[in-house]
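Trainee: I am new to this structure, and I would like a close look at one part of it, taken slowly and with each term explained as it comes up. Please start wherever the vocabulary is needed.

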Amino acid sequence: MPTYAVLGATGATGANVLKLLIKNPSNIINVYVRSKPKLLAQAPDIASNQQVKIFTGNLTDTSLIASCLRDTDAVFSTVASNDNMPGTHIAQDTAHSVVVALMEIRMTEPSVKIPTIVWLSSASLNPHFYGQEPAFLHWLLATSFSYVYTDLAHAEKYLKMHQKWLKVVLIQPGGLVEDKQHGHAISLEKVGNFLSYADLAAGMIEVAEKGGYDWQGVAVVPTTNDTAIEWRVPGRMLKGMTFHFAPWMYSLTKALHLQ
């Protein structure tokens, strides 16, 4: 029976990955979250679902993370943030903890098969993908989410330091929106238009099941043109750009409860 781990199952991507994995009764799913009540509030049915085992802890508990990852075929790392917070390091924390956890497993079980990490990244980190869009648009995105992308870039650089023994697939979608599944395809060549989190999740699962994408930048692209447009994106970009040029504004808006 295929066994998977989902890190960050209360976020938009992770929640959709979990939802789709549960649909296959042959899947066993280990879920790692910081808040079990939040997870059960979002998906109350999994409390009694024998397919799912819940691990509750923070990103520094590498021993517990090792227990979550042990004997799995693939790890869906969906811990992410759309908030352009100055100095954010959630991706780096996740990468370090996953590597340390897998090292712990290797030390106790030298012959164990290491699971493939299906890592949520961004097309904005792949020159082949962002080179297809207007330079000004890429600059807008790179500036509006500068701290998020810097964090991701450092995390992926760290992961690549362990390339000799670690298997990672970099999932690099374009713009993401809250919408239902419309249909997806896997691409190594293009990104496409807005993609729903549900289609992204389906693509990540397909990549894990097929295999063969180790250390490649993989895009999940929509196969239809009826995905909803995320009208909140311009506002989010404006806010992110403000924090890029005036980092002190982040703390101020948070103190004033404007976030």
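Mentor: Helices here are DSSP runs of H or I with at least four residues, strands are runs of E with at least two, and both are numbered from the N terminus. The model is predicted, so local features need pLDDT of at least 70 and side-chain atom pairs count only at pLDDT 80 or more, while totals for chains, interfaces and linings use all residues. Residues are numbered from 1 along each chain as its sequence is written, and side-chain values use heavy atoms, with hydrogens and water left out.

With that vocabulary, Trp-215 can be placed in the loop between α8 (197–210) and β10 (217–222), and its phi is positive, at about 60°, although Trp-215 is not a glycine. Most residues other than glycine have a negative phi. Asp-71, in the loop between α3 (62–69) and β4, is another residue other than glycine with a positive phi, near 65°. Because its relative accessible area is 56%, Asp-71 is exposed, where exposed means over 50%, buried means under 20% and partly exposed lies in between (1.4 Å probe, protein chains only).

The part I would dwell on is the packing around helix α6, which runs over residues 135–144, and helix α9, which runs over residues 233–245. These two helices pack at an angle of about 70°, with their axes 7 Å apart, and that makes α6 roughly perpendicular to α9. The axes are lines fitted to C-alpha atoms, for helices over the stretch in contact, and the angles run from 0 to 180 degrees between N-to-C directions; under 35 degrees counts as roughly parallel, over 145 as roughly antiparallel, 65 to 115 as roughly perpendicular, and the rest as oblique.

On the α6 side, Trp-139, Leu-140, Leu-141, Thr-143 and Ser-144 meet Met-237, Gly-240, Met-241, His-244 and Phe-245 of α9, contact meaning heavy atoms within 4.5 Å. Sorted by type, the residues of this contact are six nonpolar, four polar and no charged. In that sorting, Ala, Val, Leu, Ile, Met, Phe, Trp, Tyr, Cys and Pro are nonpolar, Asp, Glu, Lys and Arg are charged, and the others, Gly among them, are polar. The buried residues of α6 are His-138, Leu-141, Thr-143 and Ser-144, and they pack against α5 (127–130), α7 and α9.

Helix α7 covers residues 146–160, and because 15 residues at 1.5 Å a residue should span 21 Å, its end C-alpha atoms, 21 Å apart, agree with expectation; the expected span is 1.5 Å times one less than the number of residues. Its buried residues include Tyr-147, Val-148, Asp-151, Leu-152, Ala-155 and Glu-156, and the buried residues of α7 pack against α4 (90–108), β5 (116–120), α6, β6 (168–171) and α9.

Ser-146 lies in helix α7 and counts as buried because its relative accessibility is 8%. A polar atom of its side chain lies 3.4 Å from the backbone oxygen of Thr-143. That falls under polar contact, a pair of N or O atoms within 3.5 Å, where within protein one must be able to donate a hydrogen and the other to accept it, and residues adjacent in sequence count only if both atoms are side-chain atoms. Not counting residues up to four places away in sequence, Ser-146 touches Asn-84 and His-244, and His-244 is one of the α9 residues met by α6.

Leu-152 also leads to strand β5, where Leu-120 is found, for Leu-152 is among the contacts of Leu-120 beyond four places in sequence, along with residues including Ser-77, Ile-171 and Met-204. Leu-120 counts as buried because its relative accessibility is 10%, and its C-alpha is 20 Å from that of Glu-133, although the two are 13 residues apart in sequence. Its partner Ser-77 sits in strand β4 (residues 74–77) and, at 2% relative accessibility, therefore counts as buried. Leaving aside neighbours within four places in sequence, Ser-77 is in contact with Leu-7, Thr-94, Ile-117, Val-118, Trp-119 and Leu-120.

For contrast, Ser-35 is in the loop between β2 (28–33) and α2 (36–42) and counts as partly exposed because its relative accessibility is 27%. The side chain of Ser-35 reaches the backbone nitrogen of Lys-38 at 3.2 Å, and, beyond four places in sequence, Ser-35 touches Thr-10 and Thr-56.
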